[in-house]
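Visitor: I'd like to go through this one by asking how each label is earned. Can you set the values against the rules for me?

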Amino acid sequence: MKKELSRLVLYHELGQDPILKTLAEVTDAVEAEDIDAVREICVDRIYDVIRRLLEIATSYAFNRNLWQDYLTFLLITSENPFSLTSEKQGIQEGSVRHFARQDMETFCRLYMYDFSSLEKKLGIDCFSVICSYSSVQKRAQNFNKNVSLRVRETSDTIYDILKDVQDGDYTTASEAVLQVISDFYLKYGVGMFGLNRAFRLGEETEGELTFEPINNTEEVHLSDLVGYEIQKQKLRENTEAFLRGHRANNCLLFGDAGTGKSTSIKALITEYYGEGLRMIELYKHEMKSLSQVISTVKHRNYKFIIYMDDLSFEDFEVEYKYLKAVIEGGLESRPDNVLIYATSNRRHLIKETWNDTSDVDLEKHRGDTLQEKLSLVDRFGISIPYMKPNKKEFLEIVRSLAARNPDITLPEEELEKEAQKWEMSHGGFSGRTAQQFINYIAGKEAGKEAGKEAEKSQ
């Protein structure tokens, strides 16, 4: 195995993967040394590998063959010149293709590696178990479902290609596997950005910016938000223009709390992930890193929305200047694959005081100060207002949400009456208040049904 890994050219970094590296060292030691002299330490190292594989399998809900799923995971997340080029234009003819096919041939041999001899020599059966693995059912919130599906689908496709290969001759099969992988890169991308929908900033590593995937984004659609049809349409049109490579604007969604501003933006990643949309969540204190974030993603084959939720600035905060420079005004223009979407309860983002418009001469150039504060919002090409619903609209939201929930059986008149009681002590008319009320009623109704069933069973 060590010899196989050393021959990798385009995917040479896989040879440094801790699991593969350990297995390569163990298999070489077992073949080269007196087995009795190395058995104990080799078994210890093998079980360390198994523990790592099980941890990864749990994180991504891998099933059937953990070894093959793990190798596939490494292959589709490996960022190298070949995979990054394939992400943009697919596999091309040329000398690089020759080395790519050779690497795929090595990968095929690793993929179909027979561990039976190693197990027999060491007196273990762990590889037999993980290569025919049956995972425990997990809730979707407990693993990265998106990565799991992509890896398992690709792993099964590769297995179907390789399962009938005779005498270990993978020359022809490796060409088919290379096509599968390059097609994957072109369709989904490569690495973290290819497999995940949304990201936040991680800790800097040796001065380099890192991203952490947000594994379980909320599965919401724009249709889940009742009302606000004009606002949703405007947001959808701008986003679709962006994805098609047309001119599009940065967006500011402003207005009352609980009206669906954040939900509208989060719904975009659910609806347009398949079209190459990715989202990076940025907090106010991270604004200094905005230029670096854009520089990191500007050459990738995705469309990125940098999402800033509940954005506002106090008088003494100057982070907004970084945002102004990036949106418009800096020497480097914003790349075509990046937009900024923000939500705020403030129309002008920056706190304004009566001093800004007072006739009292508290500052020599008061007009300049006011323009400084208002100029940030002007740099968002589209501003979309989300205002609180009136009573009629609020009750319409309640009825719509209730109709989607099978646990709620209250008559409409009683439902509306309870909803009005609820809003008076829970923040007034808003979509958020309506959803909280529906959650309360659904839980209450479900509890009643459970009580009735318990009484029947006694």
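Guide: Let's start with touching: contact means heavy atoms within 4.5 Å. Leaving aside neighbours within four places in sequence, Arg300 is in contact with Glu79, Leu84, Glu87, Val190, Phe193 and Asn337.

Visitor: What kind of model is this, and what gets counted?

Guide: This is a predicted model, where local features need pLDDT of at least 70, side-chain atom pairs count only at pLDDT 80 or more, and totals for chains, interfaces and linings use all residues. Residues are numbered from 1 along each chain as its sequence is written, and side-chain values use heavy atoms, with hydrogens and water left out.

Visitor: Back to Arg300, then. Why is Arg300 called buried or exposed?

Guide: The cut-offs are these: buried means under 20% relative accessible area, exposed means over 50%, and partly exposed is in between (1.4 Å probe, protein chains only). Arg300 has 13% relative accessibility, so it counts as buried. You'll find Arg300 in the loop between helix 14 and strand 5 (303-308). One of its contacts is Val190; Arg300 and Val190 are 110 residues apart in sequence and 9.6 Å apart in space, C-alpha to C-alpha.

Visitor: What makes a stretch a helix or a strand here?

Guide: Both are DSSP runs numbered from the N terminus: helices are H or I with at least four residues, strands are E with at least two. On that basis the protein comes to 19 helices and seven strands. Of its 458 residues, 48% count as buried. Among contacts between residues at least 6 apart in sequence, 77% join residues at least 24 apart.

Visitor: What about Thr296: which burial class is it in?

Guide: Thr296 lies in helix 14 (residues 290-297). Its relative accessibility is 36%, so Thr296 counts as partly exposed. Not counting residues up to four places away in sequence, Thr296 touches Leu209 and Phe211. Thr296 and Thr210 are 86 residues apart in sequence, yet 9.4 Å apart in space, C-alpha to C-alpha.

Visitor: And how do you know where Ser182 falls, buried or exposed?

Guide: Ser182 has a relative accessible area of 1%, so it is buried. Ser182 sits in helix 10 (residues 171-188) and touches Ser86 and Ile91, again leaving out residues up to four places away in sequence.

Visitor: Now the helix pairs. What is the relation between helix 17 and helix 18 called, and why?

Guide: Two packed helices are described by the angle between their axes and the distance between the axes. Axes are lines fitted to C-alpha atoms, for helices over the stretch in contact, and angles run from 0 to 180 degrees between N-to-C directions. Angles under 35 degrees count as roughly parallel, over 145 as roughly antiparallel, 65 to 115 as roughly perpendicular, and the rest as oblique. The axes of helix 17 (residues 391-403) and helix 18 (residues 412-424) come within 10 Å and cross at roughly 120 degrees. Helix 17 and helix 18 are therefore oblique to each other.

Visitor: Which residues meet there?

Guide: Lys391, Phe394, Leu395, Val398, Arg399 and Ala402 in helix 17 meet Glu412, Leu415, Glu416, Ala419, Gln420 and Glu423 in helix 18. By class, that contact has six nonpolar, one polar and five charged residues. The classes: Ala, Val, Leu, Ile, Met, Phe, Trp, Tyr, Cys and Pro are nonpolar, Asp, Glu, Lys and Arg are charged, and the others, Gly among them, are polar.

Visitor: What makes helix 6 and helix 9 roughly perpendicular?

Guide: The axes of helix 6 (residues 95-111) and helix 9 (residues 145-162) come within 11 Å and cross at roughly 90 degrees. That makes helix 6 roughly perpendicular to helix 9. Phe107, Cys108 and Tyr111 in helix 6 meet Ser155, Ile158, Tyr159 and Leu162 in helix 9, and these residues divide into six nonpolar, one polar and no charged. Cys108 has 0% relative accessibility, so it counts as buried.

Visitor: How many disulfides are there?

Guide: A disulfide is a pair of cysteine sulfur atoms within 2.5 Å, and by this rule the count comes to zero. Take Cys131: the closest cysteine sulfur, in Cys126, is 9.2 Å from its own, too far for a bond. At 24% relative accessibility, Cys131 counts as partly exposed.
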